[in-house]
Amino acid sequence: MHRRPLIAGNWKMHLTLTEAVNLARTVATSASACPDRDVMVAPASTALAAVCNAVADTPLLVGAQNVAWEKEGAFTGEISPIMLTDLGVNMALVGHSERRQIFGEDDAMINRRLRGALHFGIRPVLCIGETLAEREDGRTFAVLESQVRQGLHEVSIEQMAETVLAYEPVWAIGTGKTATTEQAQEVHGFLRRLLAAIYEKTLADKTRILYGGSVKPDNIDALMAQPDIDGALVGGAALKAESFDRIVQFR
Ligand code: PEP
């Protein structure tokens with residue numbers, strides 16, 4: 001089953017407006033050079049409009065780092081899905097571990113965000129991952145299954161076809177510790193079987209499952225060689241044009 005690879009950069013709370021636009025332009029050149037894969041960047045919300053304008057005529061996709069579930073209302077600090085589509089944003093991260101851990105977002109809220117995004121035509125990237133303590137307790141698969149089932153609660157098969165999963169072990173994010181290719185493949189295989197059980201095999205075979213957690217130029221090729229790894233969600237290494245370009249150009 002061919003799944004179109006997706007390399008996504010999460011810029012987190014980094015880059016001024018000028019820096020973001022400059023980096024986006026360079027990444028757009030990398031994306032244009034690799035027409036067989038999707039490339040996305042997720043700038044901070046302050047830079048979304050300018051980045052969308054700067055790369056409008058390129059294949060680079062622009063995503064938000066989070067999304068609210070209502071189209072408008074009294075939700076101080078939030079950005080609605082139609083505000084995003086209005087800018088040309090058509091993807092959004094949902095459930096990133098920093099949202100879960102620092103800002104206390106739970107699976108129920110993440111599910112609302114994900115369904116809100118889908119309802120308004122934004123493709124969500126649902127991020128899931130176990131902590132080190134959960135892995136050491138042998139609870140990795142139980143934790144992931146619960147995050148997937150709750151995150152995808154009441155998401156139809158048609159909506160799931162628009163959704164991307166990102167497995168990001170919390171202990172590997174920003175730590176320089178990458179899961180071994182075997183550990184990552186084991187989890188990705190598990191997630192695909194889980195999707196087949198929740199939905200159906202055809203859908204599971206089509207769903208893109210990204211790996212995230214200290215992805216770098218020197219480990220991307222081995223990760224992408226795994227049968228169930230369909231792309232990467234990249235934090236730190238996405239902030240430098242040179243390292244992200246090498247990741248986009250994985251072999
Ligand atoms: C992330 O924030 O999604 C991430 C994977 O970060 P890093 O690549 O820096 O570990």
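The accessible surface of the protein amounts to about 11200 Å², and 52% of this area belongs to carbon and sulfur atoms. The model is a predicted one, and its secondary structure consists of 12 helices and eight strands. With a radius of gyration of 17 Å, close to the 18 Å that the globule rule gives for 251 residues, the protein is as compact as a globular protein of that length. Along the principal axes, the C-alpha atoms fill a box of roughly 45 × 45 × 35 Å. Of the 251 residues, 55% are buried, and among contacts between residues at least 6 apart in sequence, 72% join residues at least 24 apart.

The largest pocket has a volume of about 610 Å³. Its lining comprises 22 residues, of which Ser-45, Gln-65, Asn-66, Arg-99 and Phe-103 are the closest to the centre of the pocket. Two elements, helix H2 (45–54) and helix H4 (97–101), give two or more residues to this lining, and the largest share, three residues, is that of H2. Sorted by class, the lining of the largest pocket contains 11 nonpolar, seven polar and four charged residues.

Strand E2 includes Val-41, a residue that counts as buried because its relative accessible area is 0%, under the 20% cut-off. Apart from neighbours within four places in sequence, Val-41 is in contact with Gly-9, Trp-11, Val-27, Val-51, Leu-60, Leu-61, Val-62, Gly-63 and Phe-244. Phe-244, one of these contacts of Val-41, belongs to helix H12 (residues 241–248), in which Ser-243, Phe-244, Arg-246, Ile-247 and Val-248 are buried. The cover over the buried residues of H12 includes E1, H1, strand E2 (38–42), H11 and strand E8 (231–234). With regard to the C-terminal part of the chain, the C-alpha atoms of Val-41 and Phe-250 are separated by 17 Å, the two residues being 209 residues apart along the chain.

Backbone geometry was examined next. In general, most residues other than glycine have a negative phi. Leu-15, although not a glycine, has a positive phi of about 80°, and its place is in the loop between strand E1 (6–10) and helix H1 (17–33). A positive phi, of about 55°, is also found at Ser-214, which is likewise not a glycine; Ser-214 lies in the loop between strand E7 (209–212) and helix H11 (220–224). As to solvent exposure, Leu-15 counts as partly exposed, at 25% relative accessibility, whereas Ser-214, at 8% relative accessibility, counts as buried.

Gln-150 is located in helix H7 (residues 140–151). This glutamine counts as partly exposed because its relative accessibility of 39% falls between the cut-offs of 20% and 50%. When residues up to four places away in sequence are not counted, Gln-150 touches Asp-107 and Asn-111. Gln-150 and Gln-249 are 99 residues apart in sequence, and the distance between them in space, from C-alpha to C-alpha, is 34 Å.

Technical notes: Residues numbered from 1 in each chain as written. Predicted model: local features only at pLDDT ≥ 70, side-chain atom pairs only at ≥ 80, totals over all residues. Heavy atoms only, no water. 1 Å grid on protein atoms, 1.4 Å probe; cavity = no way out; pocket = protein on both sides within 12 Å on 5 of 7 lines; lining within 4 Å. Points joined across faces, edges and corners; volume = space filled by probe spheres on them. Helix = DSSP H or I, 4+ residues; strand = E, 2+ residues; numbered from the N terminus. Nonpolar A, V, L, I, M, F, W, Y, C, P; charged D, E, K, R; others polar. Rg over C-alpha atoms; globule rule 2.2 N^0.38 Å. Buried < 20%, exposed > 50% of the residue type's maximum accessible area, 1.4 Å probe, protein only. Contact = heavy atoms within 4.5 Å. Areas by Shrake-Rupley, 256 points an atom, 1.4 Å probe, with all protein chains shown as cover.
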